[in-house]
Amino acid sequence: MSDCPSAFQTLSVGELAKRAGVAVSALHFYEAKGLIRSLRTEGNQRRYPRGMLRRVAVIKVAQRTGMPLNEIKQALAALPDDRAPSQQNWRDLSATWRDDLDARIRRLTQLRDQLDDCIGCGCLSLTACPLRNPDDSLAVQGPGPRLLDEI
C-alpha cells in the first residue's frame, strides 16, 4: 500500500460502513462532500483511518438534529486531519453547536406546544390560532411558514 497506514490502522469502505451503520453509498457521499477522507491503496481501494468512525457518528447525530451538511462540514474542518481529535477538540466542536442546538430545541418545543392546540382544534380557522394567515397577508414577508419561522 502506498501512502496508506497498515491494515490494522485503517478500515475498508465496507468495514467502515458496517461498523458505522451506514450504507457504502453514504460514505462515498460524505467523502464527496468533504466530510470524511480516505486514503488509497496501490490498487486504488479506499482505506479510512479508524478516526473516521467517530466522524461518521458525529455526522449521523448532527443530521438527526436537522443540522445542514455544510454546517457539519464547517465544524469538522476545525478538527485535525493528521491525528485523532483530542477531548478538547471535541469540546470545542460541541461549543460551536451549543447555541444553535439550544435555539433548535426552543423552536421545536414551541412548535410542539402550538401544534397540540391546532391538532386539538383541527380547523385552523380560529381567530386566536397562531398559524392562521387570513388572505395570505404574510406573503409579503417571503415564502414558507412565516409564523413558524418566528418561533
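Here are three short exercises on this predicted model, each with a worked solution.

Residues are numbered from 1 along each chain as its sequence is written. In this predicted model, local features need pLDDT of at least 70 and side-chain atom pairs count only at pLDDT 80 or more, while totals for chains, interfaces and linings use all residues, and side-chain values use heavy atoms, leaving out hydrogens and water.

**Exercise 1. Find out how many helices and strands the chain has, and in which order the elements run.**

Step 1: Recall how the elements are assigned: helices (H or I, at least four residues) and strands (E, at least two) are DSSP runs, numbered from the N terminus.

Step 2: Count them; there are 6 helices and 3 strands.

Step 3: Now read along the chain from the N terminus, and you get β-α-α-β-β-α-α-α-α.

**Exercise 2. Locate the salt bridges and describe the partners in each.**

Step 1: Look for a side-chain nitrogen of Lys or Arg within 4 Å of a carboxyl oxygen of Asp or Glu, which is what a salt bridge is here. The structure holds 2 of them.

Step 2: Start with R46 and E31, whose closest N and O atoms are 2.9 Å apart. R46 belongs to strand 3 (residues 46-49) and E31 to helix 2 (residues 24-32), so this pair ties together parts that are 15 residues apart in sequence.

Step 3: Check how covered these two are, where buried means under 20% relative accessible area, exposed over 50%, and partly exposed in between (1.4 Å probe, protein chains only). R46 is partly exposed at 24%, and E31 is buried at 18%.

Step 4: Turn to R104 and D100, with closest N and O atoms 2.8 Å apart. Both sit in helix 5 (residues 87-121), 4 residues apart, about one turn of the helix. R104 is buried at 15%, whereas D100 is partly exposed at 25%.

**Exercise 3. Explore the largest nonpolar core and the contacts of W97.**

Step 1: Take the meaning of a nonpolar core: buried Ala, Val, Leu, Ile, Met, Phe, Trp, Tyr and Cys residues joined through side-chain atoms within 4.5 Å.

Step 2: The largest one has 25 residues, and L27, Y30, I36, I72, L76 and W97 touch the most other members.

Step 3: Two or more residues come from each of helix 1 (13-20), helix 2, helix 3 (52-64), helix 4 (69-77) and helix 5. Helix 3 gives the most, with 6 residues.

Step 4: Finally, list the contacts (heavy atoms within 4.5 Å) of W97. Leaving aside neighbours within four places in sequence, W97 is in contact with V58, A62, M67, E71, I72 and A75.

Methods: Contact means heavy atoms within 4.5 Å.
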